[in-house]
Amino acid sequence: MPQTFTRAEVAKHNTEDSVWFVVDSKVYDVTDFVDAHPGGESVLRQVAGQDATVAFYNLHRHEVLTKYADLCIGTVENEKPQVITPQPGDLSTVPYAEPLWLTPAYKSPYYNDSHRRLQKAMRVFTDTYVTPEAQARELDGKFISQELVERMSKKGLLHMRLGPGKHLHGVELMDGAVKGEEFDYFHDLITAQEGVRANARGFQDGSLAGMVIGLPCVMNYMKDETRKKAIMDEVFSGKKYMCLAITEAFAGSDVAGLRTTATKTADGKHYIVNGTKKWITNGVFCDYFITGVRTDKGLSVLLIERGEGVETKAIKTSYSPAAGTAYITFDNVKVPAENLLGEENKGIYVILSNFNHERWTMACATIRQCRTIVEECLKWSHQRLVFGKRLIEQPVIRQKLAKMIALVEANQSWLETITYQMCNMPYKQQAQHLGGPIGLLKMSITRAAHEVADEAVQIFGGRGLTQSGMGRTVEMFHRTYKFDAILGGAEEVLADLGVRQAMRQMPNAKL
């Protein structure tokens, strides 16, 4: 039976030898903890014998109470804790913290019961298994554990991240939450958005993002069906890792400027590859490199296995080394001719084939991260006291929140509109009609992220620039949101793509 104490009893424990206080109607005995308190002994002694709820939440995240739960010795008599302690799988009840379709009062034509089952399963899985490891790896820079990769594989999560397709047929997805044959782009959207809630941007890419953008090239363009299946099985099981190696120091969005060469041997059985690649996600630890090369009359794509002549080294970027971002050198690498993906000199079609899905997935993730920042700011502005009042009582803060909310909701709505088109267009029509809109969507969302990150730091102040404590999520977002404005196609390039595609449909209309 939990102990209960009157507030008068708690008040007596404000001596040198006994320090108690109350936070949210729970009684804490920190007598033996004062010397170990990271913020110093005096901070705890100042609230000894008192209700420290307001002071605590002005300085600490709620999760700190979970970390030090062993210091709780009981509750205040006839009182119950009021602050919500989220459990794995819970939906947030903070306004705008969830997309409208997950908010009880609202309806959506896009989602059915299978989408809701998948969302619940993904939320539980992410909260239970992904977030703890993601937060640890984001800090220490180590790569994703084989244990988590295998757990993701067994749940069908690696399969789902590549979107709808025959590779999902017959695969058990999240313990039967959805059948592979039923999996559509709204299931894909859910997978993408729930998966990034761990709020660890480097680890997010480190959790096999290279596979997501690399494996489709093998699935769609490798001619040897037996070898294709073997590679897919290796990668989907988590036994082998893969990355997409296109970008070079010489060519980013300008894919046609690639300088890595592949020269065919006299007998035609091999290519000899020489060149470098830069900023390759997962390149440090992957086994297979889907590599853009220049052949005699154009661009081609080769599957290159790690081996003699392949060297990778880590690149330090703004986010965690957990992403495995690499500089790759190919020095006279001998590659079997059958490792050619698609047709020789027509590799541009292989490279472009997955751009829409890659950019759309990034849009899904970025707007979900923006939403998390909105939630952080709403919580903080309600609990932070400054100039004798809560931040939320300042009109300027409410204006900032209004702007952030509007950006998130507008872009989520546009995302769902495009996702609906993806569900109702065959691939060929998607390639024809959606490249421009998806490019504009990604640009719009990363521009929104810029505004959200900026306003969030202003709301959090110095804490929004600190990698630990109250503002750590905001600091991480502000430091890393530009990755999504560059990777998968820079904002300016995608904006131009969207307008140029619209120009091709422009009629002879006059003012």
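Tutor: Let's start with a yardstick: the expected span of a helix is 1.5 Å times one less than its number of residues. Helices here are DSSP runs of H or I with at least four residues, strands are runs of E with at least two, and both are numbered from the N terminus. Keep in mind that this is a predicted model, where local features need pLDDT of at least 70, side-chain atom pairs count only at pLDDT 80 or more, and totals for chains, interfaces and linings use all residues. Residues are numbered from 1 along each chain as its sequence is written, and side-chain values use heavy atoms, with hydrogens and water left out.

Student: OK, so how far apart are the end C-alpha atoms of helix H16?

Tutor: They sit 37 Å apart; at 1.5 Å a residue, the 26 residues of H16 (435-460) should span 38 Å, so the two agree. Just after H16, Gly-461 has a positive phi of about 65°.

Student: Which salt bridges involve H16?

Tutor: The rule first: a side-chain nitrogen of Lys or Arg within 4 Å of a carboxyl oxygen of Asp or Glu. One of them is Glu-455 with Lys-403, at 3.1 Å from N to O. Glu-455 is in H16 and Lys-403 in helix H14 (residues 395-423), 52 residues apart. Another pairs Arg-447 with Glu-491, with the closest N and O atoms 2.9 Å apart. Arg-447 lies in H16 and Glu-491 in helix H19 (residues 491-504), so this pair ties together parts 44 residues apart in sequence.

Student: Are those side chains buried or exposed?

Tutor: Buried means under 20% relative accessible area, exposed over 50%, and partly exposed in between, using a 1.4 Å probe and protein chains only. Glu-455 counts as buried at 8%, and so does Glu-491 at 8%. Lys-403, at 31%, is partly exposed, and Arg-447 is partly exposed at 34%.

Student: How many salt bridges does the structure hold?

Tutor: There are 32. Among them is Arg-368 with Glu-98, at 3.4 Å from N to O. That one links distant parts of the chain, 270 residues apart: Arg-368 is in helix H13 (residues 355-383), Glu-98 in the loop between S5 and H5. Both Arg-368 and Glu-98 are buried.

Student: What about aromatic rings?

Tutor: Rings of Phe, Tyr and Trp (its six-membered ring) pair if their centres lie within 6.5 Å; planes under 30 degrees apart are stacked, over 60 edge-to-face, and the rest tilted. That gives 16 aromatic pairs. Phe-5 and Trp-20 have ring centres 5.1 Å apart and planes at 75°, so they are edge-to-face. Phe-5 belongs to strand S1 (residues 4-5) and Trp-20 to strand S3 (residues 18-23), 15 residues apart. Phe-125 and Tyr-129 are a tilted pair, 5.3 Å centre to centre with 50° between the planes. These two are four residues apart in helix H5 (residues 113-140), so about one helical turn separates them.

Student: Last one: how many disulfides does a search of the whole structure find?

Tutor: A disulfide is a covalent bond between the sulfur atoms of two cysteines. The test is a pair of cysteine sulfur atoms within 2.5 Å, and the search finds zero. For Cys-217, the nearest cysteine sulfur is that of Cys-243, 11 Å away. Cys-377 is in no disulfide either, with the sulfur of Cys-370, its nearest, 11 Å away. Cys-377 counts as buried, at 0% relative accessibility.
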